[in-house]
Every structure is written in structure tokens, then in C-alpha cells.
Amino acid sequence: MAALFRGSRNLLQRCNKHADLVLVSGRSLASKTPVGFIGLGNMGSPMAKNLLKHGYPVIATDVFPESCKELLDEGAQILDTPAEVADKADRIITMLPSSPHVIEVYTGTNGILKKVKKGTLLIDSSTIDPSVSREMALAAEKMGAVFMDAPVSGGVGAASLAKLTFMVGGVEEEYTAAQELLTCMGANVVYCGPVGTGQAAKICNNMLLAIGMIGTAETMNLGIRLGLDPKLLVQILNMSSGRCWSSDTYNPVPGVMEGVPSANNYQGGFGTTLMAKDLGLAQHTATNTKTSIPLGSLAHQIYRIMCARGYANKDFSSVFQFLREQDEEPETKGD
């Protein structure tokens with residue numbers, strides 16, 4: 001009898017040891033329990049709205065109360081701090097501007113990890129340093145929670161239309177649970193590997209995006225100065241080998257395309273400050289891995305200069321306007 005009791009006790013201990021894992025990975029795909037959302041900026045707000053459209057109750061917060069009003073009107077519950085959100089939801093998505101913001105929201109005085117429940121799934125869609133993602137994952141693991149990085153590509157338009165691409169890094173067993181939520185906000189959800197690999201993919205993508213946008217802006221500017229009609233030039237580029245996303249979907253020249261920031265004085269979209277930040281991440285990781293990125297480094301320098309020249313709050317496609325102004329500077333100085 002004693003042996004039977006000891007065997008039962010050992011079995012119970014083994015079951016308890018794996019209880020947290022079962023709690024996290026055994027989520028029902030049909031579950032419509034509340035989802036926490038922290039960060040309601042240009043990207044976060046439409047992402048949270050798409051969760052509401054799919055029937056998920058949303059519990060949200062943002063450091064700027066005015067950012068919460070629209071979501072409140074659509075039925076979300078608004079709380080004051082990330083800790084309060086963590087106390088009410090066991091699935092939380094964060095969409096924040098930079099690494100310091102993520103560290104504060106997760107580990108600060110009123111951060112998520114102050115009140116996080118065991119088994120909570122934490123999905124960070126911010127674009128940050130991969131090393132910070134790994135740091136947050138370790139901190140979450142100590143609290144019995146699971147952290148995954150899932151940065152996005154596609155911009156505000158894709159966020160509104162639920163057509164984002166998510167690049168996911170984290171425990172593979174949790175990918176299905178994350179995918180359930182991410183497919184409500186995006187058209188493509190790709191598992192990249194361990195924590196931090198989603199960020200690595202995003203940083204590489206945005207470095208190419210910046211280089212491509214500068215190249216498109218330079219090309220359009222040169223063509224216009226050579227007497228070509230910009231709409232004709234775009235038509236030719238987009239049926240030729242120079243075609244790219246910046247030419248056919250997000251053209252930087254005013255008057256060429258509807259519904260993009262260049263048609264609205266470069267308002268909205270993806271800010272120059274954020275692009276400079278992402279290129280800084282690319283530069284930092286390239287230095288750490290001893291990787292040569294000459295064009296990435298030059299793109300970083302150009303966007304940093306733009307931030308200092310009054311373009312910080314304009315969309316990153318305003319590099320076209322910046323280049324046009326550079327062309328005019330010698331003439332101004334010569335007057």
C-alpha cells in the first residue's frame with residue numbers, strides 16, 4: 001500500500017510539473033476570452049479593432065488616453081496600466097515604438113509582469129532589438145508566462161484591412177495559439193524559429209524597404225528632372241525590372257498614386273523617426289555580427305539627417321521631398 005501511495009504521489013508531482021505547459025499550449029482555438037492589447041498608435045489601433053471585429057473582447061491601454069477613445073467607442077474595455085490589463089487577460093498583444101518602451105511596459109513599475117498570470121501568452125508585435133525580445137522571454141518564463149515576438153510588415157493600410165504579415169519567433173508549440181489571434185489581423189503569419197528570429201526577419205525587411213524607397217525616390221526625381229512625366233515613368237518602372245513595392249504600391253511622388261502618404265503631404269503611414277530607429281537596429285545587429293551593410297548604413301545616415309531637418313513626423317516616403325530640397329539648396333545659396 002505504501003509503495004502504491006508513493007507511486008501515486010510521484011505521478012501527481014510529475015503532472016504538476018507540466019501543468020503550466022498544458023495550461024499554455026492547450027488553449028482552445030475556438031476561445032473568445034478577452035485579449036489584452038497595449039499600444040494603440042497608428043498600427044495598434046486598427047489591429048485591436050480587427051480583434052473586436054472577430055468577436056474577441058479587447059481590454060486595452062495606452063500611455064496617451066486620447067488614443068483609447070476610438071477603441072472605447074467600438075466596445076473595448078480601457079484600463080489605466082499594463083499591469084491591470086495583465087490581471088484581466090491571459091493573452092496579451094503589445095505594439096510599441098521601441099525597445100525602451102517594451103522594457104518599461106513589461107518590466108516597469110506598472111508593467112505586465114507585475115500582475116501576469118501563469119500560462120499567459122504574451123505576443124509582442126513591436127519592432128525591437130532581438131536581444132531585448134530574448135530578455136523579455138526569459139523574464140516572462142520566470143513568471144510562468146510565454147513570450148513570443150511577432151513584428152509586422154505592411155503598414156497602416158494593411159493593418160486596417162487585416163492584411164499584415166507577421167514574423168513569429170518563440171516556442172514552436174505555442175505557434176498555433178498565437179496564430180489564432182494573428183490571423184485576425186493579418187493575411188500572412190510565418191513561424192521563423194526561436195524568440196528573436198521574428199525581429200531578425202523584420203529588421204532585414206525594413207533595411208531593404210528603406211534602401212528600396214530611397215532608390216525609388218532618387219529614380220523618380222532624376223526622371224522628372226530629365227523631363228519625364230512621373231505617371232508615365234511609374235508605368236514604365238512597374239512593367240520593367242526596376243519594379244518594387246515602393247514604386248507600385250507606396251510611391252513617394254505626390255500626385256502619382258491615391259491613398260498613400262505622398263498624396264496627403266506625407267501624413268500618416270510609417271514615420272521617418274521609426275524608420276531611422278529600425279535602421280539603427282539593423283546597424284547595431286550588423287556590427288555585433290560583423291556583417292557589412294554599406295547601403296543599409298547609408299540609408300540609416302539619410303533618415304537620421306531627415307529627422308534633424310524637420311521630417312521626423314512625416315512618412316518615410318518623404319525622402320523624395322527631402323531629395324528635391326537637396327537639389328534646390330545650391331541654387332538658393334547662389335542667389
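## T249 and its surroundings

In this predicted model, T249 is in contact with M257 and V260, once its neighbours within four places in sequence are left aside. The residue lies in the loop between α12 (245–248) and α13 (272–288), and the C-alpha atoms of T249 and V260, which are 11 residues apart along the chain, are separated by 8.3 Å. T249 counts as partly exposed because its relative accessibility is 37%, a value that falls between the limits of 20% for buried and 50% for exposed residues.

The side chain of T249 is also joined to the side chain of D248 by a polar contact of 2.7 Å. D248 has a second partner in R243, since the side chains of D248 and R243 meet in a salt bridge with an N to O distance of 2.8 Å. With a relative accessible area of 26%, D248 is partly exposed.

## Salt bridges

How many salt bridges does the structure hold? There are six of them, and the general idea behind such pairs is that side chains of opposite charge can pair when their charged atoms come close. One of the six is formed by the side chains of R225 and D327, with 3.7 Å from N to O. This pair links distant parts of the chain, for R225 belongs to helix α10 (residues 197–225) and D327 to helix α15 (residues 319–334), and the two residues are 102 residues apart. R225 is exposed, with a relative accessible area of 53%, whereas D327 is partly exposed at 26% relative accessibility.

Another salt bridge joins D278 and K277, whose closest N and O atoms are 2.9 Å apart. Here D278 is buried, because its relative accessibility is 2%, while K277 is partly exposed at 21%.

## A buried charge without a salt bridge

D149, which has its place in strand β6 (residues 146–149), is buried and yet has no salt bridge. Which side chain of opposite charge is nearest to D149? It is that of R134, at a distance of 7.7 Å, and a salt bridge would require a nitrogen and a carboxyl oxygen within 4 Å, so this pair does not qualify.

What the side chain of D149 does reach is the backbone nitrogen of G198, at 3.0 Å. Not counting residues up to four places away in sequence, D149 touches a list of residues that includes D124, S133, M167, V168, P194, T197, G198 and Q199.

## A nonpolar patch and an enclosed helix

On the surface, L228, L232 and I236 make a nonpolar patch of about 230 Å². Among these residues, L232 is found in helix α11 (residues 230–237), and its relative accessible area of 39% makes it partly exposed.

Helix α9 (residues 175–182) offers another kind of setting, for six of its eight residues are buried, so it is largely enclosed by the rest of the structure. The buried residues of α9 are Y175, A177, A178, E180, L181 and L182.

## Two residues with positive phi

Most residues other than glycine have a negative phi. A162, although it is not a glycine, has a positive phi of about 60°. Its place is in the loop between α8 (155–160) and β8 (164–169), and at 19% relative accessibility A162 counts as buried, because the limit for that class is under 20%.

Y266 is another residue other than glycine with a positive phi, in this case near 60°. Y266 lies in the loop between α12 and α13, and with a relative accessible area of 1% it is buried.

## The chain as a whole

The secondary structure of the chain comes to 15 helices and nine strands. Of the 335 residues in the chain, 47% are buried, and the accessible surface comes to about 16,600 Å², with 57% of this area belonging to carbon and sulfur atoms.

Which share of the contacts between residues at least 6 apart in sequence joins residues at least 24 apart? In this chain the share is 64%, and the pair of R225 and D327, which links distant parts of the chain, has residues 102 apart.

Notes: Residues are numbered from 1 along each chain as its sequence is written. This is a predicted model: local features need pLDDT of at least 70, side-chain atom pairs count only at pLDDT 80 or more; totals for chains, interfaces and linings use all residues. Side-chain values use heavy atoms; hydrogens and water are left out. Helices (H or I, at least four residues) and strands (E, at least two) are DSSP runs, numbered from the N terminus. Buried means under 20% relative accessible area, exposed over 50%, partly exposed in between (1.4 Å probe, protein chains only). Lys and Arg count as positive and Asp and Glu as negative; His and the chain ends are not counted. A polar contact is a pair of N or O atoms within 3.5 Å; within protein, one must be able to donate a hydrogen and the other to accept it, and residues adjacent in sequence count only if both atoms are side-chain atoms. Contact means heavy atoms within 4.5 Å. Patches are made of residues with over 30% relative accessible area and no salt bridge: like charges are joined within 9 Å, nonpolar side chains (Val, Leu, Ile, Met, Phe, Trp, Tyr) within 5 Å. Accessible areas come from the Shrake-Rupley method with a 1.4 Å probe; for residues, only the protein chains shown count as cover.
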